[in-house]
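Trainee: I would like to learn how to read helix packing, chain symmetry and charge pairs from a model. Could we take them in turn?

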There are 2 protein chains.
Amino acid sequence: MTAPFGLRLGRAVERTGTRACIGLDPHLDRFPAELQRTWAGLDGAARRAAQAEAVQTFNRRVLERIAGSVPAVKPQLAFYEELGAAGWKALEDTCAEARRQGILVVADAKRGDIESTARAYGQAILADDGPLAADAITVSPWLGLDTLDPFLDLVDREGKGIFVLVRTTNPGSPVLQHWGDPRAALVLASAVGRLRPGDGLSSVGAVVGAQVPAEEVKQIRASMPDAWFLVPGFGAQGGTRADCLRGARDDGMGVLVSASRSVLYPDAGGGDPWSAIESAVRAFAREVAL
Amino acid sequence: MTAPFGLRLGRAVERTGTRACIGLDPHLDRFPAELQRTWAGLDGAARRAAQAEAVQTFNRRVLERIAGSVPAVKPQLAFYEELGAAGWKALEDTCAEARRQGILVVADAKRGDIESTARAYGQAILADDGPLAADAITVSPWLGLDTLDPFLDLVDREGKGIFVLVRTTNPGSPVLQHWGDPRAALVLASAVGRLRPGDGLSSVGAVVGAQVPAEEVKQIRASMPDAWFLVPGFGAQGGTRADCLRGARDDGMGVLVSASRSVLYPDAGGGDPWSAIESAVRAFAREVAL
């Protein structure tokens, strides 16, 4: 059987020497010009099909360039779904390609539903015999922790991982996450921290935004001592190295930092866009080196 | 421009005389035998493709049978996504077919994300020039109400609708929904109720489970006097007519009740499965007649 996700991620971070995770978010209007030309003049389903093909090409070229330098990638499902079935095909291809390159895949899906529906999402996104077979998934806890059960089954049976949305820092985030005393996010962190205590690093982690105040990150870490924190918000979203690594354990582990726009769409200054991406990824990897 | 969703749903309920919404959730192992035979012996992507084709056929036959008798259908995205790209193609086809039949489509997606990601989900699921172009979507509010903004743009510009997950009744639901004093779900209902006050019926509604206690439903209704409540849980999940209609306004409107397993997979007793489905849908429609 595959090793637990928490352990596999730890090994990948050690092997690559960095806590960098590349957010594979296709922003079509920022793709290299050679790719943008492929859908010019098309519309409707034909346009989506051409764009999905471009996404597939883009991701393959990025993955070839970054294999070995980062532990994980994080495709954001929304950007594939806006291309419909063709987008899902590109996503399937991207996950398969990442697997071939030995890069872990965190599917940023933020799903959260009950019973047979949650099982279906587990099959869609995580299960080894499903279409994506990602290594881990982001999940939304609002409906309650029983919504995690089908994903936890895949943690136990197939060595998969979960990142529960514990605390984000978008402007509207406090309305529910900070409700009550103690705040809902802390109650949640403490409940999620008890789900699969690891020895070493747990396969049940948390999404904790880069801009969460230090005191609050400390409280979340106290409730989830073995958890991986997935930290979005580096670079384009304003998070610094210090912000992003604030939740790390004393051994420097337990934090996976993601960046997307700042590394995938650098200003190539008229030069080769693929080399510019590779350089940006390597600079980011150094920035959050272990 | 298309009329607002709240109004369109009201007209559809009046025209069909019922508050029934059919949950188009493909449970493959309960499909008619003639369809189950189509994927026998296949596996992997070939199996998913054959199953997706069967889903497309199943939904088309159901939609032809029920056109004119119900105001809306509610495909649950998870059951399509577990078939990968082929499943998304079946979903696109199903939404298009429902449109042709004049049935409103509520995409049960429970998405909830920020900024450009939320916009991408809006494009994927609601936008008229997107792959699904559904009439309404279910959304998860945990990250905050700013996550609704891109969907609200589509409410304003394209006459689309939103159902915010306010209160469910799965066993784990209280942990966050009932946190704090007043309870988080009530705080949420009151914030959501102010988003797009309708005259008449608003295009911003709430998901309110059939088993929510009467007193709590009353409180939610007081905060959202013009909202449509999408009420899952009829039939297979144990909700009675009285449970499901508890949140209706004095004029009987404002409630859309969904059922899936109990109407799509009735015991045909060896007879024609399609007629059995049609009868079950009609019985459900009468049960929650206006």
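Trainee: At what angle do helix 3 and helix 13 of chain B pack?

Mentor: Start with the two axes. In this predicted model, helix 3 (residues 44–66) of chain B meets helix 13 (residues 273–287) of chain B at an angle of about 50°, and the axes lie 10 Å apart. That angle makes helix 3 of chain B oblique to helix 13 of chain B. The crossing of helix 3 of chain B past helix 13 of chain B is right-handed.

Trainee: Which residues make the contact between these two helices of chain B?

Mentor: From helix 3 of chain B come B:F58, B:R61, B:V62, B:R65 and B:I66, and from helix 13 of chain B come B:W274, B:S275, B:I277, B:E278, B:V281 and B:R282. By class, the residues of this contact between helix 3 and helix 13 of chain B are six nonpolar, one polar and four charged.

Trainee: How do helix 3 and helix 5 of chain B cross?

Mentor: The axes of helix 3 of chain B and helix 5 (residues 84–100) of chain B cross at roughly 15° and come within 8 Å. Angles under 35 degrees count as roughly parallel, and helix 3 and helix 5 of chain B are therefore roughly parallel to each other. Helix 3 of chain B passes helix 5 of chain B in a right-handed crossing. The contact includes B:A52, B:V55 and B:L63 of helix 3 of chain B, and B:A86, B:A90 and B:A98 of helix 5 of chain B. Seven nonpolar, five polar and seven charged residues form the contact of helix 3 with helix 5 of chain B.

Trainee: What turn lays chain A on chain B?

Mentor: For two copies, look at the turn and at the shift along its axis. A turn of 180° with a shift of 0.0 Å along the axis lays chain A on chain B, with an RMSD of 0.0 Å. That is the relation of a two-fold axis. Both copies use the same surface, as 100% of the contact residues of chain A recur in chain B.

Trainee: How many salt bridges are there over all chains?

Mentor: Side chains of opposite charge can pair when their charged atoms come close. With a cut-off of 4 Å from nitrogen to carboxyl oxygen, the count over all chains is 40 salt bridges. One of the pairs joins the side chains of B:R8 and B:D135, at 2.8 Å from N to O.

Trainee: Where in chain B do B:R8 and B:D135 sit?

Mentor: B:R8 is in helix 1 (residues 5–16) of chain B, while B:D135 is in the loop between helix 6 (115–125) and strand 4 (136–139) of chain B. The pair is 127 residues apart and links distant parts of the chain.

Terms used:
Residues numbered from 1 in each chain as written. Chains lettered and ligands numbered in written order. Predicted model: local features only at pLDDT ≥ 70, side-chain atom pairs only at ≥ 80, totals over all residues. Heavy atoms only, no water. Axes fitted to C-alpha atoms, helices over the stretch in contact; angles between N-to-C directions. Helix = DSSP H or I, 4+ residues; strand = E, 2+ residues; numbered from the N terminus. Parallel < 35°, antiparallel > 145°, perpendicular 65-115°, else oblique. Left-handed = near helix turned anticlockwise from the far one by under 90°. Contact = heavy atoms within 4.5 Å. Nonpolar A, V, L, I, M, F, W, Y, C, P; charged D, E, K, R; others polar. Least-squares fit on C-alpha atoms with pLDDT ≥ 70 in both.
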